[in-house]
Amino acid sequence: MEFLDELNKLTNDKFNYLKVSNVEIQKKPPIVTVNFLLPYDILDSLSEEDKLTIKDAVINILPHSMQVEITFSKSYINDEVVKRYVLSYFKEKHPTVMIENSEIDAKVVNGIAFVKINMKSMFYDYFKSMDLLASMTNYMSHKMCNELRLEISDSKKDLDLDTDLATEDSITIISRRIRTDNHEKIVGKAISVRPRYIVDSKDTEDNAIYAGEVIEFKRNESKKTGNSYYVFKINDGTGSLVCKAFAKYQGEGDYDKIGIGDEIIVTGRKDLDSFLHDSVLLCKDISKCTIDKSSIILKEDLKTTPMKYVAVHPERYVDYIQDDLFSAGTNSSAVPEYLVGKSFVIFDFETTGLDVSDEVIELGAVKVVDGVISETFSTFVNPHIPIPEKITELTSITDNDVKNAPDMSDVIADFYKFSENSVLVAHNAAFDKKFVDKYAKLNGYLFANRTMDTVEMARKSVFCKNYKLGTLCEHFGINLEGAHRAVNDCLATAKLFIELVKIGKF
């Protein structure tokens with residue numbers, strides 16, 4: 001420990017995350033090899049200049065007669081280290097979620113980290129509807145190389161309402177993410193994770209992912225090394241972020257493709273920069289992109305979940321002739337593990353056209369809880385424009401059907417309540433989700449729900465001549481009556497979804 005204390009003192013605590021793995025001494029010639037352990041993401045971004053600084057500090061500590069060699073390795077794990085990583089995950093990704101050390105059981109067996117988190121009831125209800133494992137696995141992969149097995153359970157404990165009541169709304173706020181598409185890789189690896197709002201960022205983050213328009217861009221040259229580095233600022237409409245990138249690793253020509261006005265997405269480590277005196281994102285990966293502005297909703301504009309339904313009241317689903325969805329064929333009659341403890345809302349819109357500028361005339365949805373269709377949500381919607389004749393021919397919905405129907409502003413509020421803590425599922429989800437997001441933004445709601453697409457699920461699981469809903473229902477023997485009526489399509493899609501889960505890997 002004295003060695004590390006001296007090292008930190010000489011480097012002004014810049015590398016206080018370092019640990020010593022082992023030291024090898026060779027007598028003739030006298031060589032000391034020091035192997036340092038450090039987090040995975042820092043190892044990737046550690047510059048040659050930083051490594052030289054560390055080596056110089058070690059040379060000053062050790063006898064001058066010794067030749068010094070430095071090596072770096074990814075960090076080790078044990079039970080306490082894994083538990084510490086779990087706590088840091090929630091601190092960084094969900095700072096309003098109060099997970100205590102005593103609520104985490106961690107054990108490393110044969111190099112596999114087994115983690116069980118006993119959550120307070122409110123947090124458990126929130127996290128069981130999202131893919132927490134994928135998020136935590138991605139985070140832990142930057143901390144350690146080991147496989148993670150995660151389990152969450154409800155501790156049946158409630159929050160202290162006197163101190164914790166305000167955090168319920170904050171859980172949704174902290175998960176806000178922006179949609180981007182048309183990615184064009186500039187440096188590093190392709191980026192597939194959705195970026196968070198810049199306004200939600202913290203001063204230090206290990207795995208920062210943000211997007212925005214480039215509003216400042218400057219190329220500099222290090223007086224010490226002569227290498228080029230770039231400092232630029234991006235803005236996503238919620239805030240601005242300073243980014244720093246070093247040309248040495250990817251080549252200067254790559255960064256010269258970026259200019260003011262470009263929309264980009266960046267990943268890297270966010271930390272305080274002693275030279276710029278600001279919190280800076282040290283870039284690892286950069287891609288040009290197109291930012292979907294409709295996915296950005298400012299915190300002050302958001303509404304909370306309505307206390308009660310106003311325009312549309314869900315109904316309990318009863319179908320006495322419905323087949324047992326889990327007894328057909330050779331599959332086990334048990335509910336697939338993937339569906340247990342989860343809620344899914346399968347939804348469908350009927351609209352006046354295919355563009356997001358068109359109007360909704362019907363919204364249908366069904367809820368699947370623990371693998372069972374439990375509720376339906378169905379309503380006509382008044383579009384306040386005549387329904388095109390070709391749409392009436394396709395859907396059988398007439399102007400007379402919708403003239404006394406509720407406005408979409410009221411329907412979206414009820415649908416937000418119906419979808420709370422559920423994964424959203426649709427057939428060709430990109431089409432239906434764009435209408436959800438359109439009316440959510442117009443009316444101050446944020447659908448942060450994970451979304452799944454039965455078209456994409458089917459493409460990975462079965463071979464059909466096409467992947468239309470009718471074709472897939474015929475393939476699985478699912479009865480599709482009243483096609484192109486929202487709730488009928490939803491019931492068929494729900495049964496299709498369950499069949500795809502039974503044969504797929506989700």
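# A tour of two sheets, a helix pair, a cavity and a lysine

Start with the open sheet of six strands, whose order is β13-β16-β15-β14-β17-β18 and whose pairing is mixed. Strands (E, at least two residues) and helices (H or I, at least four) are DSSP runs numbered from the N terminus, and two strands pair if DSSP finds at least two bridges between them. This is a predicted model, in which local features need pLDDT of at least 70 and side-chain atom pairs count only at pLDDT 80 or more, while totals for chains, interfaces and linings use all residues. Residues are numbered from 1 along each chain as its sequence is written, and side-chain values use heavy atoms, with hydrogens and water left out.

**The six-stranded sheet**

Select 315-316 and 451-453: these are β13 and β18, the edge strands, each of which pairs on one side only. From β13, step across to β16 (residues 372-380); the two strands run antiparallel and are joined by two bridges. Glutamate 315 stands opposite threonine 376 of β16, and arginine 316 stands opposite glutamate 375 of β16.

Now add helix α13 (residues 408-419), which packs on the sheet and touches β14 (343-351), β15 (360-369), β16 and β17 (423-426). Contact here means heavy atoms within 4.5 Å. The direction of α13 makes about 10° with that of β15; axes are lines fitted to C-alpha atoms, for helices over the stretch in contact, and angles run from 0 to 180 degrees between N-to-C directions. Helix α17 also packs on the sheet, touching β14, β15, β16, β17 and β18, and its direction makes about 30° with that of β15.

Move to β15 and β16, which pair in the antiparallel sense over eight bridges. Valine 366 has threonine 376 in β16 as its bridge partner. The hairpin of these strands has two residues between them, and there aspartate 370 takes a positive phi near 55°.

**The helix pair**

Select α15 (residues 454-461) together with α17 (residues 486-503). Their axes come within 10 Å and cross at roughly 35°. The crossing of α15 past α17 is left-handed, a term for a near helix turned anticlockwise from the far one by less than a right angle. Show side chains for Thr454, Met457, Ala458 and Ser461 on α15, and for Thr493, Leu496, Phe497, Leu500, Val501 and Ile503 on α17: these residues make the contact. By class, the contact has seven nonpolar, three polar and no charged residues. Ala, Val, Leu, Ile, Met, Phe, Trp, Tyr, Cys and Pro count as nonpolar, Asp, Glu, Lys and Arg as charged, and the others, Gly among them, as polar.

**The three-stranded sheet**

Go next to the open sheet with the order β4-β5-β6 and mixed pairing. At its edges stand β4 (104-109) and β6 (148-154), each with a single partner strand, so one side of each has no neighbour in the sheet. From one strand to the next, the twist averages 10°. Strand β5 (residues 112-119) pairs with β6 in the parallel sense over seven bridges, and isoleucine 117 stands opposite isoleucine 152 in β6.

Add helix α4 (residues 79-93), which packs on this sheet and touches β4 and β5, its direction making about 135° with that of β4. Helix α6 (residues 132-140) packs on the sheet as well, touching β5 and β6, and its direction makes about 135° with that of β6.

**The cavity**

A search of the whole structure finds one cavity of 30 Å³ or more. On a 1 Å grid over the protein atoms alone, a cavity is a set of points where a 1.4 Å probe fits but cannot get out, and lining residues have an atom within 4 Å of a point. The largest cavity has a volume of about 40 Å³, the volume being the space filled by probe spheres set on the points, which are joined across faces, edges and corners. Select its lining: Lys93, Arg177, Arg196, Glu205, Asn207, Ala208, Ile209 and Tyr210. Strand β8 (residues 205-221) gives the largest share, five residues.

**Last stop: lysine 288**

Lysine 288 is in strand β12 (residues 278-291). Its C-alpha atom is separated by 6.4 Å from that of lysine 185, 103 residues apart along the chain.

Terms used:
On a 1 Å grid over the protein atoms alone, a cavity is a set of points where a 1.4 Å probe fits but cannot get out, and a pocket is an open set with protein on both sides within 12 Å along at least five of seven lines; lining residues have an atom within 4 Å of a point.
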